[in-house]
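Biologist: Please give me a close look at one part of this model, and then show me how it connects to the rest. What would you point to while I have the structure open?

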Amino acid sequence: MQENERAIWIIKNNGEQTIKEMAKHLGITVEGARFQLLKLASEGFVKQENRSKGRGRPQQVWSLTEKGQSRFPDKHSKLTVMLIEKIRKTLGNEALQNIIASTGEDHINDYKKYIADDDSLEAKVQKLVSIRESEGYMADYIKNAEDNYLLIENHCPICEAAKACQGFCKAELNVFQTILGERVNVERVDHVLAGARRCAYTIKKL
């Protein structure tokens, strides 16, 4: 992967970056990182903003533009949105929600081929992350000291479909809850459709 491509990937996964942070991620000098970011900015992939953090000079941070986000495509978005609108118009919204719920059940059945009920919670989370990663969600997780987890999805490959019908997001949460088990609480704490840069879910034992 070329350095400019890596820089885009780093911002997508980690959020906005200072030049020093980007230099550390890339393993290059600050001047080298500045050159890469300025080049990407000239091509329209990133943008720079000043952020104030208490006293002192504002800090420069870099984030992806809409063009930069488009480097992580939404799979079959136009066709999917068109089909959603056709179903809603011809069969009604209730039928659309039933179809989405049925698709969620299909996902549960597919995931259960890899995630067993008697797996430990961490094993379930690891396997779920692996599946979601293979599906294009750029997934990862963090475990804290209380043995709770944060499931992170840095990309949504069905974002346009979810914008057209948020039933997809509700079904997705139900899939996670069902797969991880009744003695676990799954809560969405970051949501791309609410303006966050990613979707994230807390997973806590009850």
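**A close look**

Modeller: Let's start with Met138, which counts as buried at 11% relative accessibility (buried is under 20% relative accessible area, exposed is over 50% and partly exposed lies in between, using a 1.4 Å probe and protein chains only). Before going on, bear in mind that this is a predicted model, where local features need pLDDT of at least 70 and side-chain atom pairs count only at pLDDT 80 or more, while totals for chains, interfaces and linings use all residues. Residues are numbered from 1 along each chain as its sequence is written, and side-chain values use heavy atoms, with hydrogens and water left out.

Back to Met138: you'll find it in the loop between α7 (121-134) and β3. Helices (H or I, at least four residues) and strands (E, at least two) are DSSP runs, numbered from the N terminus. Leave aside the neighbours within four places in sequence, and Met138 is in contact with Trp9, Lys12, Asn13, Phe72, Glu133, Ile152, Glu153, Asn154 and His155, contact meaning heavy atoms within 4.5 Å. For a sense of scale, the C-alpha atoms of Met138 and Asn93, 45 residues apart along the chain, are separated by 30 Å. The backbone is worth a look too: Met138 is a residue other than glycine with a positive phi, near 50°. As background, most residues other than glycine have a negative phi.

Now step into strand β3 (residues 139-143), which pairs with β4 in the antiparallel sense over five bridges; two strands pair if DSSP finds at least two bridges between them. Ala139 has Glu153 as its bridge partner in β4, and Glu153 is also one of the contacts of Met138. Five residues sit between the strands of this hairpin. Asp147, in the loop between β3 and β4, has a positive phi of about 60° although it is not a glycine. At 32% relative accessibility, Asp147 counts as partly exposed.

Past that loop comes β4 itself (residues 149-153), where four of the five residues are buried, so the strand is largely enclosed by the rest of the structure. On top of the pairing with β3, five bridges join β4 to strand β6 (residues 199-205), and these two run antiparallel. Look for Tyr149, which stands opposite Ile203 in β6.

Tyr149 also brings us to the rings. The structure holds two aromatic pairs (rings of Phe, Tyr and Trp, with its six-membered ring, pair if their centres lie within 6.5 Å; planes under 30 degrees apart count as stacked, over 60 as edge-to-face and the rest as tilted). One of them is Tyr141 with Tyr149: the ring centres are 6.0 Å apart and the planes meet at 55°, so this pair is tilted. Tyr149 is buried, with a relative accessible area of 5%. Phe176 and Tyr201 form an edge-to-face pair, at 5.0 Å centre to centre and 90° between the planes. That pair links distant parts of the chain, with Phe176 in helix α9 (residues 167-180) and Tyr201 in strand β6, 25 residues apart. Both partners are buried: Phe176 has a relative accessible area of 1%, and Tyr201 has 0%.

While you're at β6, check the loop between β5 (184-190) and β6, where His191 lies. His191 counts as buried at 17% relative accessibility. Its contacts, leaving aside neighbours within four places in sequence, are Gln166, Cys169, Ala196, Arg198 and Cys199.

Zooming out, the chain's secondary structure comes to nine helices and six strands. Taken along the principal axes, the C-alpha atoms fill a box of roughly 55 × 45 × 35 Å. Of the 206 residues in the chain, 38% are buried. Among contacts between residues at least 6 apart in sequence, 47% join residues at least 24 apart.
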